[in-house]
Amino acid sequence: MASDQSSLKALENLMTEFFDGRTSNERKRNIEEILNNFTQTRDAWQHCLYYLANTHNEYVMMFCMTAIESLINKQWVGFDGQHKLEIRSTLNRFLLEHHNRVPTYIRNKLVKLVVDIGRIDWPHFYPDFFSSILQLAQQPETAVLGIILLHTSSEELASPREDLSMARKEELQRLLLGQVPTILSLLSNILESVLEKHRHLVAATPPPSPTSGEDGSTRRRSSSVMLFSSPLESSDTAGNVLSNMFKSPSCRIPLEALPPLDVESQNLCCLALKCLAQYFSWIPLSSMITPSLLSTVFHFAGFGCEIRKSSTSVNSNFSTNTQVLGNLAMNCINELLSKNCVPVEFEDYLLQMFQQTFYLLQKLTKDSRTNSTGNRLSEIDESYVEKFTDFLKLFVGIHLKRFESNPQFPVLEFLALLLKYTFRQPTNEGFYNCLDTWNTFLDYLDDKLKDRSTNSAAIVSRYQEALLSLVSNMLHKLQFRYNQSQLEELDDEVLDDDNETEWQTFLCQSLEIVAKVAEIYTAETFRLLYEPFREHLDIYLGLDQFVRNNAQGRHLTITAENECRKLHCSLRDLASLLQALGRLAEHFIGEKFLERFTDGTMLLERLVNTVVYGSKSQLFNVTSTIQNVLHTDFVGVHAQAISSIQAFAHWLSQFYSETHKVNLDKDKFASLISTLLDSIVPMFSKEIPEKIVHSSAHLLLSITTTVRPQFLLHLSSTQTLCKHASQGAYVELTMEVQLLVYRALSHSLILPWPNVADADQNWTSRAEDHQAFVRQIARHFLQLSNPRALAANKGLLEEAKSVIKRTLQIFEDWIENVAGEVVKSKQICYRSLQEVIEVALAVFPVYLHQPDVVDSLMSFFLSLFQGLRVQMGVPFAEQTIQTFMTLFTQEQLAESICHESSAAHKVVEKFLKILELIVQEPGSAFKAFLPNVISICMDQIYPIIAQRPSPDIKQSLYRLVHELIMNNWRYFFKGSVLKTLHSQSPQNGNGDVQNAQQFTAIMQSYGQSFLQPDLAVFKQNLESLETLNAKWKLYQKPIFREVMLLQFLNVLVQVLVHKSHDLLHEEIVVTVYNMASADFSRFYAEFLPHFVSSCEGLDANQRNILVRNFKVDKDLPSFTQNVNRFVNDLRYYRLINSSLPEGSVTF
């Protein structure tokens, strides 16, 4: 005894010293070593039990429990029965006696130890494990402990970790599921008893009226008006319509009358609700979940609807308690709702849930007089509102289709409540989440309308008022004139990960809803948008009268603060509505073009007039009393007007086509285009704000690419643009704008005019103009045609770098964008660029050791091979490839790969990409390159990158190798393709491999990649093998089946066992199945026994069990189940076989 006491004292001293901030790291390592040695001794557990029972030091308690936990998890199966009983009894006794006195984390650790023992021994060696937990939960003094044990049991038994065999996991799930009805009943009784216990307090002290602080004298109007009135108004009329529809879930006591729970009751309810949510997360929906239990949960969910009290309030503690309970109850509800598989018998319960939740939704959207906005949601706990929104998303996304046509489910009234709830969200994030719900509903409606069996007219009529009300409220919310204070808070400068500002995100998400409604109600939505647009546009077009010239330039005479604010709001709203109208452009084209031609023409004329006015007046140059604000607004309106016309490019294209087919006004179209170009061409200047220049460039490109009017080149504005571009007038604009302008001009010369015969396309003249245009743009680049002179002049060599990069970037952009066009356009483009290509090839060796320049050159040639390979012709393509192969020697490749810059790596990747395009060519022209390509891959690049942890270049290399085999199968396997595809056995279809050494080297590189940690490369190569097998029956080829199959299987199953690539578990199992199915008899008779016998850490009996339990199944689902069982049990056996060495340590 004295020895135990002294060693306990020594341990306490060690633990205290270890956690002392003054203890050095070296001393901590020494202490750690002493403690580890102690836990390795055979009787350490006995000392730990003594220390646990006799210490007050929390560090010692945790150390002892951790040591016992290690014993339970690793040695319990083979441990002496009496010793197990002693440990179990001691832990249970200590937990029962001290659960109220020890800190929470120690109590929870003790609970975990008891459950861990039950996880292994229940019911065979620990029959009273669960019955004792249930007994604890039913006693008032131990109910808290009982619930914690139930919660932990669900966590540990329903989805046990891998330290159990698969059979035991299945047994535990079955056993626990058998206890679920009792558990749910017990938790329901606990929650109900707490409510019952406190009801007399409510009866003794009635709470405030549920409508206190709210207007009870609301006027009654017609139901439809009341349902879909603006939620921004402070009336509660929709609530009156719904009052008879959604009743409180219990008549015994209204939910507003909250029981003032004491701390103990609140803690008990919190634990019970958390426990319920844990069980709801995995149990199936069934009659185990009773209406009584649901009603009880909804009682608690109602507590979250209460308004938060300030910290000075007398009832603040009580209010906080109820909100926490409301959050936890909503967790329970959402766990149930997230299940997609709903038995028919449970649908009535779901309907009950929705009716009860809608009562809460009605309560949440009631008006409040306790704040200035009258918005009750802003006074509700944020996390509760978030969980309630999650409920609505789950309901609409998963369950709406079940109840939409149910007469007991009032869908229109639900939408009315959802509308109010959406527009009363106190945070933007909450608003976006509600918009997600509307998006889901609109997608559902769209799918339903596409179904031929649906009565579309009835659906459109049924939802019209609700959805147009949604649009009205959306337009109300996004306009500054109604909502300035909130909208000004949205940042419009900082870009997020999606390259949008906070304001742009808000506007885009709002307009997406409007656009989706417009798909169903186009004309109605257009009218709702056009009216406010016309109002704001009239203000903008009338601003000239308020502009005066003075000595400093032009000045805006509107100076009153209120008038300036109104103007600012109007301009912001005009920009938003312009964007909204642009978003509706798709509804004016196609089949609807002629039907909506009048509206479309009217809108386009107004938009063009807006752009003309903006370019002419240049209000962004006008000074004002709030210069910074209005300057940004004027720029925004002008840029957005131009962008909105760009959105109508396809409408303009269809208008142009129709002028050739029917007698539509050609002069009107020509006037629109001419006027438009006259307004945007002058915008290409460094004096003009970048936002406007950028929008103008995109519109110009859309006109030349999408519309393509034949008369475009004859317009004076286009000729001016060509002249300025050729003379380099635009070099001071951003590179992005330059690329757009040059591409637009190139397209105007080489793209075919619509509805014009080929003979009338004037190709010869246009090709000459295009060639001249190229020579003008590339004039500085073409002067570099003498590589020797360039190499000799260091100054010129450096200066030329920027010329090379800029010129090739422009032409690379052209090639990429002409690649999908007609052959004639590509021919003209290639002929114009021939001289540029020759110069680029000539300067390549000069800059070979400068990765940044070579990167630009390689990008150019890559785009050339991707877009204009046919136009290049075989001889020149061969010459180019041969040049690259000569330049990219093994030393040069090694230098680039080992270079630290990303540009050097990109050069190699682009070289590999060009080779990838070459090996995909179907003809025989490039087949001569195959041996060299394989040599570059396997002999020069692969040895350098194989052992590098970085995935750089690896993915490009393996993509090339994959395409090489995929498109050149006969290079390795001669014989009839038909025979190969239709062979019934591996012997049929000539399986003799050609170039076996190269094929083997490639397959070995695949196998090597499966031994490395990189997930992306692993996944890519796994998919590559599967694709090759699907098309060419790779796994059945003799060379693979006889030489490589078992090696690949061994590597992949090892990966599964080690869980090193667990994210790809399913894909790996499917590949293993497909490989095994190439020769199932060999897999079961040879591979499986050999694999198990080579596994370390198993005894003979365990090996036999593993092989025996792997059933001879040949279908994928059964095979997958067998593999998962095999991997799980193998890991389990290894874990329990780990034993502790002899020895002891004293403190």
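**Exercise 1. Contact of helix 26 with helix 27**

Determine which residues of helix 26 meet which residues of helix 27 in this predicted model, and describe the packing geometry.

*Solution.*

Step 1. On the side of helix 26, the contact is formed by Leu 652, Phe 655, Tyr 656 and Thr 659. Helix 27 contributes Lys 666, Lys 668, Phe 669, Leu 672 and Ile 673.

Step 2. Sorted by class, this contact comprises 6 nonpolar residues, 1 polar residue and 2 charged residues.

Step 3. Two packed helices are described by the angle between their axes and by the distance between those axes. For helix 26 (residues 649-661) and helix 27 (residues 666-680), the angle is about 145° and the axes are 9 Å apart.

Step 4. The crossing of helix 26 past helix 27 is left-handed.

**Exercise 2. The two sides of helix 29**

Establish which residues of helix 29 are buried, how they are arranged about the axis, and what they pack against.

*Solution.*

Step 1. Helix 29 spans residues 716-726, and its buried residues are Ser 717, Thr 718, Leu 721, Cys 722, Ala 725 and Ser 726.

Step 2. Viewed down the axis of helix 29, these buried residues lie within an arc of 165°, so they line one face of the helix. As background, an α-helix has 3.6 residues a turn, so residues three or four places apart point the same way.

Step 3. Ser 716 and Lys 723 are exposed on the other side of helix 29.

Step 4. The packing partners of the buried residues are helix 27, helix 28 (690-707), helix 30 (735-750), helix 31 (763-777) and helix 32 (779-782).

Step 5. Just after helix 29, the backbone at Gly 728 adopts a positive phi of about 80°.

**Exercise 3. Helix 7 and the loop before it**

Identify the buried and exposed residues of helix 7, and then locate the cis peptide bond involving Pro 123.

*Solution.*

Step 1. Within helix 7 (residues 129-138), the buried residues are Phe 129, Phe 130, Ile 133, Leu 134, Leu 136 and Ala 137.

Step 2. The arc that they cover around the axis is only 160°, which puts them on the same side of helix 7.

Step 3. The other side of helix 7 carries the exposed residues Gln 135 and Gln 138.

Step 4. Pro 123 belongs to the loop between helix 6 (104-121) and helix 7. The cis peptide bond joins Trp 122 to Pro 123, with omega about -5°.

**Exercise 4. Positive phi at non-glycine residues**

Place Asn 995 and Lys 1059 in the chain, and classify the accessibility of each.

*Solution.*

Step 1. Asn 995 is not a glycine, yet its phi is positive, at about 50°. Asn 995 sits in the loop between helix 44 (977-982) and helix 45 (996-1009).

Step 2. The relative accessibility of Asn 995 is 34%, and therefore Asn 995 counts as partly exposed.

Step 3. Lys 1059, likewise not a glycine, has a positive phi of about 55°. Lys 1059 is located in the loop between helix 47 (1038-1058) and helix 48 (1065-1077).

Step 4. With a relative accessibility of 35%, Lys 1059 counts as partly exposed.

**Exercise 5. Surroundings of Tyr 1133 and Ser 859**

Classify Tyr 1133 and Ser 859 as buried or exposed, and list their contacts beyond four places in sequence.

*Solution.*

Step 1. Tyr 1133 is part of helix 51 (residues 1116-1137). Because its relative accessibility is 10%, Tyr 1133 counts as buried; the cut-off for that class is under 20%.

Step 2. Leaving out residues up to four places away in sequence, Tyr 1133 touches Gly 1097, Leu 1098, Gln 1102, Ile 1105 and Leu 1106.

Step 3. Leu 1049 is 84 residues from Tyr 1133 along the chain, and their C-alpha atoms are separated by 21 Å.

Step 4. Ser 859 lies in helix 36 (residues 851-867). At a relative accessibility of 13%, Ser 859 counts as buried.

Step 5. Apart from neighbours within four places in sequence, Ser 859 is in contact with Glu 812 and Lys 910.

**Exercise 6. The chain as a whole**

Summarise the secondary structure, extent and burial of the chain, and describe the annotated stretch 31-97.

*Solution.*

Step 1. The chain contains 51 helices and 2 strands.

Step 2. Its C-alpha trace spans about 105 × 90 × 70 Å along the principal axes.

Step 3. Of its 1147 residues, 53% count as buried.

Step 4. Among contacts with a separation of 6 or more, 75% are between residues 24 or more positions apart.

Step 5. An unreviewed UniProt entry places the feature "domain: Importin N-terminal" at residues 31-97. Over this stretch the chain is 82% helix and 0% strand, and its end C-alpha atoms are 31 Å apart.

Methods. Residues are numbered from 1 along each chain as its sequence is written. This is a predicted model: local features need pLDDT of at least 70, side-chain atom pairs count only at pLDDT 80 or more; totals for chains, interfaces and linings use all residues. Side-chain values use heavy atoms; hydrogens and water are left out. Axes are lines fitted to C-alpha atoms, for helices over the stretch in contact, and angles run from 0 to 180 degrees between N-to-C directions. Helices (H or I, at least four residues) and strands (E, at least two) are DSSP runs, numbered from the N terminus. A crossing is left-handed if the near helix is turned anticlockwise from the far one by less than a right angle, and right-handed if clockwise. Contact means heavy atoms within 4.5 Å. Ala, Val, Leu, Ile, Met, Phe, Trp, Tyr, Cys and Pro count as nonpolar, Asp, Glu, Lys and Arg as charged, and the others, Gly among them, as polar. Buried means under 20% relative accessible area, exposed over 50%, partly exposed in between (1.4 Å probe, protein chains only). The arc is that of the directions from the helix axis to the C-beta atoms. UniProt positions are given in the numbering used here, feature names are shortened, and annotations may be inferred rather than shown by experiment.
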